[in-house]
Amino acid sequence: MSEQKSSSFQSVPWRVGHGFDVHAFKPGDHLMIGGVRIPFDQAFKAHSDGDVLIHAFCDALLGAAGLGDIGQHFPDTDPAYLGIDSTRLLTHVHALLMSHHWRIGNADLTIIAQAPRMSTHIPAMRTRLADLLQMEVGALNIKATTTERLGFTGRGEGIAAEAVVLIVRTDTA
Ligand SMILES: Nc1ccn([C@@H]2O[C@H](COP(=O)(O)O)[C@@H](O)[C@H]2O)c(=O)n1
Ligand SMILES: C[C@@]1(CO)OP(=O)(O)OP(=O)(O)OC[C@H]1O
């Protein structure tokens, strides 16, 4: 690769990232998803509050910026993160991105769950996360799908989430 092509790659002002996470269920009475408490007859098995959507979102942001993954930044062996509210992890990841001169362009998040029904909770999730990240709600889409009763999500053993993000440089003209 020529010197010119190499340096023009370095100056690309946007990057994409993808995140994926899964948490299994245990007996309980609520789930935290997208920073919102959802009454349910199960809870997440996790070191933190188990917010699978926020974890996928953090991984997408870290991936886009080339900054590793959530487990490297917040190890599940560290008692500091036991039961932690995952919105605090997202706030930390966002601050890290901003310190590396990135802002979030847009994000598209997907919850993969047979139950509970997410549609009534999605507006609250979008507002909560957009407020935390100082983003327009319109740039933070959240959607849900079942897997038509197939696989571990379809059997009601847990929930998965995926996230795709675009991040934009803040230090280019
Ligand atoms: N846990 C879920 C899953 C889905 N939805 C909504 O239902 C629509 C249909 O889902 P399919 O899996 O049949 O595609 C979907 O578009 C979601 O809006 C939901 O609210 N909660
Ligand atoms: C969020 C962290 C924080 O300790 O723990 P978990 O709640 O277990 O979640 P996971 O997505 O399995 O891994 C990232 C962890 O480091």
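1. Helix 2 ends at a glycine: residue 66 follows the helix and has a positive phi, near 70°. The helix itself covers residues 52–65, which makes 14 residues. From its first C-alpha to its last it reaches 20 Å, close to the 20 Å expected at 1.5 Å a residue. The model is a predicted one, and the points below should be read as statements about that prediction.

2. Is helix 2 largely enclosed or open to the outside? Of its 14 residues, 13 are buried, so the rest of the structure largely encloses the helix.

3. The main sheet is open and has five strands, in the order 4-1-7-5-6, with mixed pairing. Strand 4 (42–44) and strand 6 (140–145) are the edge strands; each has a single partner, so one side of each lacks a neighbour in the sheet. On average, and with direction ignored, neighbouring strands of this sheet are turned by 25° against each other. Helix 2 packs on the sheet, where it touches strands 1, 4, 5 (102–112) and 7, and its direction makes about 155° with that of strand 1. Helix 5 (residues 122–133) also packs on the sheet. The strands touched by helix 5 are strand 5 and strand 6, and its direction makes about 145° with that of strand 6.

4. Within the sheet, strand 1 (residues 14–27) pairs with strand 7 (residues 158–169) in the antiparallel sense, over 11 bridges. One of the bridge partners is glutamate 162 in strand 7, which is matched with phenylalanine 20.

5. Glycine 158 belongs to strand 7. It counts as buried because 20 other C-beta atoms lie within 10 Å. Its C-alpha atom is separated by 5.6 Å from that of histidine 23, although the two residues are 135 apart along the chain. With neighbours within four places in sequence left aside, the contacts of glycine 158 are Val22, His23, Ala24, Phe25, Phe152 and Thr153.

6. Strand 2 (residues 30–33) and strand 3 (residues 36–39) pair in the antiparallel sense over four bridges. Isoleucine 33 has valine 36 of strand 3 as its bridge partner. The hairpin has two residues between its strands, and glycine 34 takes a positive phi there, near 60°.

7. Which residues have a positive phi although they are not glycines? One is histidine 101, at about 70°, in the loop between helix 4 (86–99) and strand 5. Histidine 101 has 13 other C-beta atoms within 10 Å, so it is partly exposed. Another is glutamate 148, at about 50°, in the loop between strand 6 and helix 6 (151–154). Glutamate 148 counts as exposed because it has 9 C-beta neighbours inside 10 Å.

8. The peptide bond from alanine 115 to proline 116 is cis, with omega near 0°. Proline 116 sits in the loop between strand 5 and helix 5.

9. Around ligand 1 are Ala113, Arg117, Met118, Ser119, Ala144, Thr145 and Thr146. By class, this shell has three nonpolar, three polar and one charged residues.

10. Ligand 2 is surrounded by Asp21, Ala46, His47, Ser48, Gly50, His55, Ile70, Gly71, Phe74, Pro75, Asp76 and Tyr81. The classes in the shell of ligand 2 are five nonpolar, five polar and two charged.

Note on methods. Residues numbered from 1 in each chain as written. Chains lettered and ligands numbered in written order. Predicted model: local features only at pLDDT ≥ 70, side-chain atom pairs only at ≥ 80, totals over all residues. Near = placed C-beta within 6 Å. Nonpolar A, V, L, I, M, F, W, Y, C, P; charged D, E, K, R; others polar. Expected span 1.5 Å × (residues − 1). Buried ≥ 20, exposed ≤ 12 C-beta atoms within 10 Å, placed from the backbone. Pairing = 2+ DSSP bridges. Axes fitted to C-alpha atoms, helices over the stretch in contact; angles between N-to-C directions. Contact = placed C-beta atoms within 7 Å.
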